[in-house]
Amino acid sequence: VSRLQMTVNGAPVDVDVAESRYLSDILREDLRLTGTKTGCAEAECGICTVLVNGTPVVSCIYPAFKAQGANVETIENLSRDGGGLHALQQAFLDHGAVQCGICTPGLIMTAKGLLDRKAAEGEVVTETDIRAALKDSYCRCTGYQSVINAILQASGQDVPPYLPETRTPETEVGRPRPNPIALAKVCGTARFTDDYKFPGMLYARTKRANIPHARIRSIDVSAARELEGVRAVLTHEDVPGRNAHGVVSVDWPVLCSSKIRYAGDAVAIVAADSQEIAAAALDLIEVDYEELPVVSDAIAALHPDAPLVHPERPDGNLLKHIKVAKGDVEQGFAAADVVVDQTYRTPTAEHLFLEPECSIGVPAGYDPSRFGGVCDVLAKRGEEARHDKTTIYVGSQIPYADRDQAAAALAKQPDDVRVVATVMGGGFGGKEDIAGQIHAALLAEATERPVKMLYSRQESLLVHPKRHAMIIRMRTGATRDGKLTAVEATLYGDGGAYASLSEKVLTRATTHASGPYDVANVKVDCFATYTNNVPAGAFRGFGVTQSCFAVESNMDMLAGELGLDPVELRRKNALDVGSTTVTGQLMRESVGLLECLNKVDTDMRAGDFRWSWDEGHRRLAWGLAVGYKNTGLGGGAPDKATAEVEAWQDPAKGLLAEVRISSAEMGQGLPGVLASFAAEELGIPTESVSVLLGDTDVCPDGGPTTASRQTFVSGNAVRLAARAVARKLPGATGSNVVAQHEYWAPKTQPLGTGGDMHVAFSFVAQAALCEIDMRTGEVQVRKIVAAHDVGRAINPLTLEGQIEGGIVMCIGYALTEHYIQEDGKPWTNVMARYKMPGIMHSPSISSHIVEHELSTGPFGAKGMGELPSIPTSPAITNAIYNATGVRVRSLPVDQDALLHAIRAEATEVEFGWGDRDPIPKVEFGGEH
Amino acid sequence: LTAAWKKYYAPETVAAALQILRRHDGRARVIGGGTDLLVEARRGLRRPFEAIVDATRISGLGTIEENGEYIVIGCAVSHTTIVNDARIVRFGTCLSEGCGVIGGPQVRNVGTLAGNVAHALPAGDGTIGLLALGGEVEIAGSDGTRWVPTKDTFAGPGRSIIDRHREILTRLRFKRTADNEGSAFHRVMRPQGLCLPIISMAARLQMEGNIVKAAGISMGPVGPVPWFAEPAADVLVGKAATQAQFEKAAEVALENITLRTSKYRATEEYREAMICTYLPIILTAAARRAGAEL
């Protein structure tokens, strides 16, 4: 321990700390300046950026003693002492450049370093400067355009927020405004789970298998239990209740007892006085394994001799065979003049939310004064936070499911467990399954202390479910004049070791596998399989991102064969009002696909349009794709949300209201959407409505934040609860008025029974302008033209944020991202090995909003959160084809393989980056 | 999560730094920014060190100086400082370009050229730039200091000849390119994971009209250590600077190395194609910067 002296945010700091500490750790833990976030501890993500003597540095690997005597500045310095917001903070709000907010302090501090330097040099800040300065400052939510515009504005330039044209707003609904929680995020005061510190809190770590398939012979934790500072070591023997969890099927052990099914499996958990001690304890846990043969391929998994992941299951490694059929494909293909038959491969993909998973368990009866402290945590308005029951603080997409699953493991009733939603640093589907929630609660009860379970980035990569890797064979037939006659497809989805949401995700992949087209004859078989790979689950696009790649690649090939314009071919077949979907659903309203296509086509063809041309050694080309995505759970699942709205008269501010619902905000802008619905109904400004999300004791269940459902389902619930409050208000004199409304989405039909499988679909068309360096095979997306049919734009600012972010996420899917596993062992074990798109990859985006209102939607709105992440990748590979004549069949595009194909004058590339084997041969139907 | 090091020293003199190294006898590590070493340490890829010796506070080594025909860079100088230094941009262009693509801006703000060279990776971008310029490094030890050509400092992949028990890299220098000299650098990357270059190359040319008088070429990774490609450079000397001659240099380079396919990074064929494509391009740029009219 030595003396460290620095100036932090203008004030002298003098602390005695270990010389091995990092600056981020001192700032966050010792100085409690938790505005500085940490995301990777690898100097990769940039969210921990602070200024040291005015220079941006990544504080996660910056030795604290390197800052000896230095002037350190963090986000907390920007708006101190009620001095109002810094220009950057205001600009980030104005431009909607804040979504989940975990990267926001880092982006702002990096930008401040740039603006201060440019101001000192007397130079004007340009977009090029901003891209260079933020090259390694990642954001997973925005598409960076809003960030660039915000920084330009903050530098004193007159740059208005980019807002697509939308319908005339209502009084409150339909107006662009920052997400209400964004203010705290730009100030660094928004509290993510890891920002909480409870008196007496312990730190937890998990012993992972790190081998993909094995029998457990024995587990010996005795040495770990004896390590000084260790307060508890738990194994499967210490799980009082159900030793399993799962959102759909309960097949995932809380702590493994007899078998390991993937490398991320948990064997034991430790709570100790510090993270370091907990980590040291893990090394003392002895597990004796008998390693088993590994199955790591979705198709090989169905071979009769394949090792079985869950031997007790009746269907071997088959998790589910999902079938869709319409008409007669034999007849359909007989009527076709042209048939395209191709097999595609998509990679396992990682959400890379920039906030790794973190849960804090607090034991029932916790009294902070026992540890000489108090805790200032979330509570319902006007109430003190209590911990009279087991409580879990977590940023989760499904708080009620977390509660119920934790209760089952703890052998408690659901009502005896409380989940409090903290600010979530991104989710994208990756925070639907249980991560450390149950473990933190078990350890809290075992130690009678609060326990924080924070995953490292590397652990996060290892453990949580990913986007399904898929192999898709697809055959598409059409008549000479371009009318689709038949689609046949067989899909294999790698579900990994546990069910997670595989069944639901792959059902969506299947039912969307003929695209947003009116096709009379369709047959699709999808096989979801268990393997020893990382589980696969929900990820923005939910299976449709994968099948869309195959559908839209085939459509362009078909257009080529037919000599038809790709836009025209899609127009001829697009779903419209009066069409019937592949599952037999008659489209009665809100089908904006043709308008999306027309808007994109017009924008793309403005000026001197060509599909491709040369610029020096680069070849440029446009490519186009369309897509669609259901709103809501559908398929007969009960889809409901309950909202509570309370209104009261404030002597100074007039009528105020609070909306309470357990739905999740992960950066998408839900609080603003719900506030505007309540405000509209109550006739008050949106700013007069506060929104409390996700405390299971005070917020009724809004259902899972998945399936692009919250604006629609929770939105309707809030709207109707607010309407009930509004009705009661005239009679209320001085007292608060509270109303709840349980909203049920229109009934849907299970797959295979015909009728309405979904309450609605949203539609999208996107065109990508790509440049291909013909000397290197490098691909850059220069521009995206997009049109999204969202029913109704509720908040154009946050809507545009979802669109831009979704597009850039899908650019990553096409060009940069592949979570690589080798025989069940993740090669992608550090963030440096998984590159999401950075600011250098972000194109300019021209965005059009199409508003074909949905009569059952709140103000006509339907879901759209996943929609932008669906057609971008085939739009890009279609552009690559138009530029080079090479059809890319595996993602992500590998420049090495692409250049080889270009030089060999080949017509296709079978290998994506990270693929070691050719695409396996797939038989249609694939009876096993 | 065990501490990656115990003691953190930031000595203000070379003598003090050397004394600390001797005291820890090989169990201390010198860092500049620490942006490579500490990431590895934090990931637990390295055994914990007894001590870190931060070389960036050594007095007199934090600046870029001109000394006669040399530009001398102290070991505490960051990549960002090098990239922004007008003298290096002009008289050591390929070094400036190489340092400019290392890591991201935050890493370049603290990472040093000295650290890049001492780390001795097969394709350190700053190292490749310095190598083409014929740069040298100053190594200080208890017996005094010595200047060693950069190309002679590599002992193997990630291993420098600097004796970590008793030596420290204190300064780097290169001769300013004259009016008839120019240099250029290029790196080929991929946008996916694995932030390692597919190929980095630098070249320096001295011209007389359109005739190459002297040449220096460097590249990596083409072997265990960065390669000072003398055979390729020799092909150019005394010859006219033409595309054909530059392509010949690439051919000769390829004859002298064994390229490898490295998993998830590049195939042997791709590396070969990139050398054939970009060596002529950077040679052309260097020749133009040297005043040749190509």
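When it comes to the lining of the largest cavity, α19(A) chips in the most, with three residues. That's in a predicted model, and the cavity in question holds about 580 Å³ of space. Beyond the cavities, there's also an interface to look at, where 56 residues of chain A touch 44 residues of chain B.

**The largest cavity**
- Its lining runs to 37 residues, and Gln668(A), Ser708(A), Gln802(A), Met864(A) and Gly865(A) sit closest to the centre.
- Two helices of chain A, α17 (670-682) and α19 (796-815), each put at least two residues into that lining.
- By type, the lining residues of the largest cavity split into 15 nonpolar, 16 polar and six charged.

**The other cavities**
- In total, the structure has 16 cavities of 30 Å³ or more.
- The second largest cavity comes in at about 150 Å³.
- Its lining has 19 residues, with Glu357(A), Gly395(A), Lys431(A), Ala435(A) and Gln437(A) nearest the centre.
- Those lining residues break down into eight nonpolar, seven polar and four charged.

**Where chains A and B meet**
- Between them the two chains bury about 4,100 Å², with 56% of that on carbon and sulfur atoms.
- Glu19(A), Lys66(A) and Asp896(A) account for 16% of the area chain A buries against chain B, more than any other three residues.
- There are four salt bridges between chain A and chain B, and one of them pairs Lys66(A) with Asp54(B) at 3.1 Å, N to O.
- On chain A's side, β4 (55-58), α4 (127-133), α8 (275-283) and α21 (895-903) each give two or more residues.
- That side of chain A is made up of 24 nonpolar, 13 polar and 19 charged residues.

Methods:
Residues numbered from 1 in each chain as written. Chains lettered and ligands numbered in written order. Predicted model: local features only at pLDDT ≥ 70, side-chain atom pairs only at ≥ 80, totals over all residues. Heavy atoms only, no water. 1 Å grid on protein atoms, 1.4 Å probe; cavity = no way out; pocket = protein on both sides within 12 Å on 5 of 7 lines; lining within 4 Å. Points joined across faces, edges and corners; volume = space filled by probe spheres on them. Helix = DSSP H or I, 4+ residues; strand = E, 2+ residues; numbered from the N terminus. Nonpolar A, V, L, I, M, F, W, Y, C, P; charged D, E, K, R; others polar. Contact = heavy atoms within 4.5 Å. Buried area = accessible area lost by both parts, 1.4 Å probe. Salt bridge = Lys/Arg side-chain N within 4 Å of Asp/Glu carboxyl O.
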